[in-house]
Amino acid sequence: MSQSGLDNAPDEIKLAVDLIYLLESNEVDPETALKALEIVRTDLERKVSKATINSQ
């Protein structure tokens, strides 16, 4: 994706590109990265759920 294409991309695409770059540039093992991302996902889902409950 060109820089101008990335500038116009949704925030989640920009973040995904940044995360991929971070993982690859630090030579993080893909299996380790997937396990870490699952921890992050669980944490974020908990936060979203809590925010939804608090807003009701």
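**Helix α2.** I started with α2, residues 11–25 of this predicted model. I get 15 residues and a reach of 21 Å from the first C-alpha to the last, close to the 21 Å expected at 1.5 Å a residue. L15 sits in this helix. I also looked for nonpolar surface here: L15, L19 and L22 make up a patch, with about 270 Å² of accessible area together.

**After α2.** Which residue has a positive phi here without being a glycine? I found E27, at about 50°. Most residues other than glycine have a negative phi, so I noted this one down. E27 follows α2 and belongs to the loop between α2 and α3. I checked the accessibility too: E27 comes out exposed because its relative accessible area is 73%, and the cut-off for exposed is over 50%.

**Largest pocket.** Next I looked for empty space. The largest pocket holds about 250 Å³. Which helix gives the largest share of its lining? I found that α3 does, with eight residues. Both α2 and α3 supply at least two residues each. Among the lining residues I noted L15, L19 and L23, then V28, and further along A36, L37, R41 and L44. L15 and L19 turn up again here, since I had them in the nonpolar patch with L22.

**A36.** I picked out this pocket-lining residue for a closer look. A36 is in helix α3, residues 30–54. Is A36 buried or exposed, or something in between? I have A36 down as partly exposed, because its relative accessibility is 37% and that class runs between 20% and 50%. I also took the C-alpha separation of A36 and Y21: 16 Å, with the two residues 15 apart along the chain.

**Salt bridges.** How many salt bridges does a search of the whole structure find? I count two. Side chains of opposite charge can pair when their charged atoms come close.

- R41 pairs with E45, and I read 3.0 Å between the closest N and O atoms. They are about one helical turn apart, because four residues separate them in α3. Both ends are partly exposed: R41 has a relative accessible area of 48%, and E45 is at 42%. R41 is also one of the residues lining the largest pocket.
- K47 pairs with D43 at 3.1 Å, N to O. I see the four-residue spacing in α3 here as well, so K47 and D43 lie about one helical turn apart. D43 counts as partly exposed, at 29% relative accessibility.

Technical notes
Residues numbered from 1 in each chain as written. Predicted model: local features only at pLDDT ≥ 70, side-chain atom pairs only at ≥ 80, totals over all residues. Heavy atoms only, no water. Expected span 1.5 Å × (residues − 1). Buried < 20%, exposed > 50% of the residue type's maximum accessible area, 1.4 Å probe, protein only. Patch = residues over 30% accessible without salt bridge, like charges linked within 9 Å, V, L, I, M, F, W, Y side chains within 5 Å. Areas by Shrake-Rupley, 256 points an atom, 1.4 Å probe, with all protein chains shown as cover. Salt bridge = Lys/Arg side-chain N within 4 Å of Asp/Glu carboxyl O. 1 Å grid on protein atoms, 1.4 Å probe; cavity = no way out; pocket = protein on both sides within 12 Å on 5 of 7 lines; lining within 4 Å. Points joined across faces, edges and corners; volume = space filled by probe spheres on them.
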